[in-house]
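The following exercises invite the reader to examine a structure step by step. Each task is followed by a worked solution.

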Amino acid sequence: MSEEYALTVIAHGCELSAEDLTAVKTLLTDVLKVGKFTSQDLSTRAVDFYFQSAKPEELQSAVKNELLNNSNHYDLVFQKQSTRKSKKLFIFDMDSTLIYQEVIELIAAYANIEDKVAEITERAMNGELDFNASLAERVSLLKGIDATSIWEELKHKIEVTNGAKELCLALKKLNVVMGVCSGGFIPLAEHVKLHLGLDYAYANVLGTNEKLELDGTTTGPIVNGEMKAELLLKIAKNHGIDPQDAVAVGDGANDLKMMSVAGFGVAWNAKPKVQQLAPSCLNSDSLLDILYILGYTEAEIKELVN
Ligand SMILES: [Mg+2]
């Protein structure tokens, strides 16, 4: 049985040109072998193409191929049309997703060990290092840092990603449950939760000694890739939401598991390995562009963020 699918083209910041659209139409007819399609402009930066297909897996991998092998200034998102607007749960990664920075690197700046920590973070996010081991390694470097003032200071240093606030406002209006599941640290995840009006925040807890200094350990369960997936399923269950109606958004290798247990996933300006394995990629300059992936037009988005 063939079903209706959508291929969404989203330009990275500029507008889509006539040449861009011609290239996508050629992709549809010559590579994806789609006989008949219709299209709808979502905005000057995003266009939807609709068509029937009985071989979605083949099309998905052909689209991935096109994305990864050609450095276009737009993303291509292939998905089933009928489920785009039925999302009920969004789980976000925090570092380099909802905020621009990696929190552990902000903390490390206090201890003048930025280079050491950044190098370990990079290797972990590329999937070269086991997450738990790298977390322990990085956290041990933070031993001795004063824990009483650091969080208040870091809250001022955090820069929320462009479009995150508007996206969360829109999703709230659509009655979507939202959470942040972070391999970072709870005081800042809680801060981001409050700032963006999220329903849940989960992250790691840093241990302190009797002098209220960081003791170089974490306490409680580690929020790693597996835990992020478990938390997504737990939150979905709490709300009676089918995980197929959930979306996971993140940039790191430790976000792939939650993307795979959710019905859909968005790799946000992610590392190449993550882009390769994620259900969809978005490399634009605003998280609000996720609403194009869900099929909303510019006029509808304006209405939602008002
Ligand atoms: Mg991240």
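**Exercise 1. Disulfides**

Determine how many disulfides the predicted model contains, and examine Cys181 and Cys281 in this respect.

*Solution.*
Step 1. A disulfide requires two cysteine sulfur atoms within 2.5 Å. By this rule the count of disulfides is zero.
Step 2. For Cys181, the closest cysteine sulfur belongs to Cys168 and lies 13 Å away, which is too far for a bond.
Step 3. Cys281 likewise takes part in no disulfide, since the nearest cysteine sulfur, that of Cys14, is 17 Å away.
Step 4. Burial is judged against a cut-off of under 20% relative accessible area. Cys181, with 1%, is therefore buried, and Cys281, also listed with 1% relative accessibility, counts as buried.

**Exercise 2. The sheet and its edges**

State the strand order of the open sheet of seven strands, and identify the edge strands.

*Solution.*
Step 1. The order is β8-β7-β6-β5-β9-β10-β11, and the pairing is mixed.
Step 2. The edge strands are β8 (214-219) and β11 (280-282), each of which pairs on one side only.
Step 3. From one strand to the next, the twist averages 25°.
Step 4. At one edge, β7 (residues 200-208) is joined to β8 by three bridges, and these two strands run antiparallel. Within this pair, Leu206 stands opposite Thr218 in β8.
Step 5. β7 and β8 form a hairpin with five residues between them. In the turn, Leu212 has a positive phi of about 55°.
Step 6. At the other edge, three bridges join β10 (residues 264-268) to β11, and the two strands run parallel. Here Ala267 stands opposite Cys281 in β11.

**Exercise 3. The nonpolar cores**

Describe the largest nonpolar core and say where it lies with respect to the domains.

*Solution.*
Step 1. The largest nonpolar core has 61 residues, and Phe90, Ile107 and Leu291 are those with the most contacts inside it.
Step 2. Domain 1 (1-83) and domain 2 (85-306) both contribute residues to this core, so the core lies between them.
Step 3. A second core, separate from the largest one, has 45 residues; among them are Val9, Leu32, Ala236 and Ala267.
Step 4. Returning to Phe90, its contacts beyond four places in sequence include Leu171, Val176, Val177 and Met178. Phe90 also touches Gly179, Val247, Val249, Ile290 and Leu294.

**Exercise 4. Two loops that meet**

Locate Thr97 and Asp251, decide whether each is buried or exposed, and list their contacts.

*Solution.*
Step 1. Thr97 is placed in the loop between β5 (89-92) and α3 (103-111), whereas Asp251 is in the loop between β9 (246-250) and α10 (256-261).
Step 2. The relative accessibility of Thr97 is 0%, so Thr97 counts as buried. Asp251, at 1%, counts as buried too.
Step 3. Leaving aside residues up to four places away in sequence, Thr97 touches Thr161, Val249, Gly250, Asp251, Trp268 and Leu287.
Step 4. With the same exclusion, the contacts of Asp251 include Asp93, Asp95, Ser96, Thr97 and Glu102. Trp268, Asn269, Ala270, Lys271 and Val274 also touch Asp251.
Step 5. Asp251 and Met94 are 157 residues apart in sequence, yet their C-alpha atoms are 9.1 Å apart in space.

Key: Residues numbered from 1 in each chain as written. Predicted model: local features only at pLDDT ≥ 70, side-chain atom pairs only at ≥ 80, totals over all residues. Heavy atoms only, no water. Core = buried A, V, L, I, M, F, W, Y, C linked by side-chain atoms within 4.5 Å. Buried < 20%, exposed > 50% of the residue type's maximum accessible area, 1.4 Å probe, protein only. Domains from an automatic or database assignment. Contact = heavy atoms within 4.5 Å. Pairing = 2+ DSSP bridges. Helix = DSSP H or I, 4+ residues; strand = E, 2+ residues; numbered from the N terminus. Axes fitted to C-alpha atoms, helices over the stretch in contact; angles between N-to-C directions.
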